[in-house]
Amino acid sequence: MGVSEKCDGFGGEEMASLCSDADDEMEGEDVLLKHKEMVQQMKKEMRNLKIKGLPTILEESESPRMVEDLKPLKVEEKIEHKDRMEEIQMFYKSYSDKMRRMDILNHQTTYAIGFLQLKNQDKLASKRNALGPVTKSLLPPNFRPHNLRRHEADPLQNLMRDLQKDLELAYVGQLCLSWEILKWQCHKATEFREYDANCLHQYNVVAAEFEQFQVLVQRFTEDEPFQGPRIQNYLKSRYVLANLLQVPLIKDDPKNGRKGEGRCVVSIARLIEIIEESMRAFWGFLRADKAEANMTLKIIQGSQVDLQDPSDMEFLTEIQANFQKKERRLKDLIRSGNCIVKKFQKRQDCRLNHNLFVAQVELRLVSRVLIMSRLTTDQLQWCHKKLSKINLVSRKVHIDSSFLLFPC
């Protein structure tokens, strides 16, 4: 019996049932095919993820070295220390440029004074030879040749006085510049201590340079009684010893020159102590200037000052009054404070409160500038700003640590 015959043998209901079963089988095969394709796609995506790497790391796979590398704090500290060092280098360059400018002014002025003195001697000698005995007998008895020479030499004397003012500027300028960078670097070093608690950096080289700074300043002070006036003596010594009053730059030791553990290593804390010792050596250098002993008296009496702008006289008077007020207030604090100046002078191990000590030096420098024989408007502005940075409130001294180089 053929197939057609078999189909013809079935009834209508049976035929409908067979057709329905055939349709169900075809739909099942389609679903199974789609499922297999979906599984294959998921396997393919998993393989791609394994090749590219997952975005997270399982805790079980983290080794101690990997955990150390993932810490961000050390990286931030290195970047911050580097930035702070670059800031110091930038400000120090401004300081060194101004110091070099004052050295050039010193050399040029000294050469000009020597040339004028030599020229003046030759001129006087030629006039003395030209004034013979016959000419002398014709002159009146009360005539003095030096009166004529003094009148003729007025332009030359004026030029000599201007050159002496330039020498004073070179001395006072370097005095104020060196104190400013010394004080500012001490403040920056205290900031380093907060970020270098583990002593990751060494400062052996710069510590030796600061110690040399102290030796040169102290040696100059000890030898000064046997030398000439302060300005001429300092500028002559500065010409021979270029590092005299030249403050070193704070910098890390090179990596190949660092000392290992167990050896004498200068940490940032020890460097701060050395810088503070240098500040006290500077204070001794400043106080040893005999010409500055009666500064306050000169300011009160009103010494002869050549103002660049005569209209600054009122501004100068205001600054002098502010200086005298703060100086009296500071002296009262010293008398009633924890440490007296006389005790500090006799015992070097007794250290004044840091802000009180800084205020003393700042006021002394301002007073030295105010008695200069020639003052510019910028220098008066510098004095005004310096005084405004010193605040004496409730038996306490507050000092603004911002950087302010002397205009020269």
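These are my notebook entries on a predicted model of one protein.

**Entry 1. Confidence**

I began with the confidence of the prediction. The mean pLDDT of the protein is 78, and 65% of the residues reach 70 or more. I then looked up where confidence is lowest and where it is highest. The lowest mean, 45, belongs to helix α5, residues 133-138. The highest, 97, belongs to helix α15, residues 377-388.

I noted two stretches with pLDDT below 50. Residues 57-63 form one of them, and beyond near neighbours in sequence this stretch has four contacts in the model. Residues 339-351 form another, with 16 contacts counted in that way. I keep in mind that predicted coordinates should not be read in detail where pLDDT is low.

**Entry 2. Gln185**

Is Gln185 buried or exposed? I found a relative accessibility of 1%, so Gln185 counts as buried, the limit for that class being under 20%. Gln185 sits in helix α7, which covers residues 154-195.

I next listed what Gln185 touches, leaving aside neighbours within four places in sequence. Its contacts are Ile88, Tyr92, Phe210, Val247, Pro248, Leu249, Ile250 and Ile275.

**Entry 3. His107 and Leu241**

I looked up His107 in helix α4, residues 73-130. His107 has 38% relative accessibility and therefore counts as partly exposed. I also checked its separation from Ala170: the two residues are 63 apart in sequence, and their C-alpha atoms lie 9.9 Å from each other.

Leu241 was my next residue. I located it in the loop between α9 (230-240) and α10 (268-287). With a relative accessible area of 40%, Leu241 is partly exposed. Together with Tyr239 and Val240, Leu241 makes up a nonpolar surface patch of about 340 Å² accessible area.

**Entry 4. Aromatic pairs**

How many aromatic pairs does a search of the whole structure find? The count is twelve. I examined two of them.

For Phe220 and Tyr234, I recorded 6.4 Å centre to centre and 85° between the planes, an edge-to-face pair. Phe220 belongs to helix α8 (residues 204-223) and Tyr234 to helix α9, so this pair ties together parts 14 residues apart in sequence. Phe220 and Tyr234 are both buried.

For Trp283 and Phe357, the ring centres are 6.3 Å apart and the planes stand at 90°, so I entered this pair as edge-to-face; planes over 60 degrees apart are placed in that class. Because Trp283 is in helix α10 and Phe357 in helix α14 (residues 354-370), the pair ties together parts 74 residues apart in sequence. Trp283 and Phe357 are both buried.

I also found that Phe220 and Tyr234 belong to one aromatic cluster with Tyr171 and Phe285.

**Entry 5. Salt bridges**

I turned to charged side chains. The count of salt bridges comes to 19.

Lys251 and Glu209 are joined by one, at 3.0 Å from N to O. Which parts of the chain does this pair link? Lys251 is in the loop between α9 and α10, Glu209 is in helix α8, and the two are 42 residues apart. I recorded 27% relative accessibility for Lys251, which is therefore partly exposed. Glu209 has a relative accessible area of 27% and is likewise partly exposed.

Glu277 pairs with Arg270, with 3.8 Å between the closest N and O atoms; the cut-off for a salt bridge is 4 Å. Glu277 is partly exposed at 28% relative accessibility, and Arg270 is partly exposed at 32%.

Lys386 and Glu362 meet in a salt bridge at 3.0 Å, N to O. Lys386 lies in helix α15 and Glu362 in helix α14, so the bridge ties together parts 24 residues apart in sequence. Both Lys386 and Glu362 are buried.

Lastly, I noted a network: Arg84, Glu87, Lys188 and Glu191 are joined into one by salt bridges that share partners.

Conventions: Residues numbered from 1 in each chain as written. Predicted model: local features only at pLDDT ≥ 70, side-chain atom pairs only at ≥ 80, totals over all residues. Heavy atoms only, no water. pLDDT = per-residue confidence, 0-100. Helix = DSSP H or I, 4+ residues; strand = E, 2+ residues; numbered from the N terminus. Contact = heavy atoms within 4.5 Å. Buried < 20%, exposed > 50% of the residue type's maximum accessible area, 1.4 Å probe, protein only. Patch = residues over 30% accessible without salt bridge, like charges linked within 9 Å, V, L, I, M, F, W, Y side chains within 5 Å. Areas by Shrake-Rupley, 256 points an atom, 1.4 Å probe, with all protein chains shown as cover. Phe/Tyr/Trp six-rings, centres within 6.5 Å; stacked < 30°, edge-to-face > 60°.
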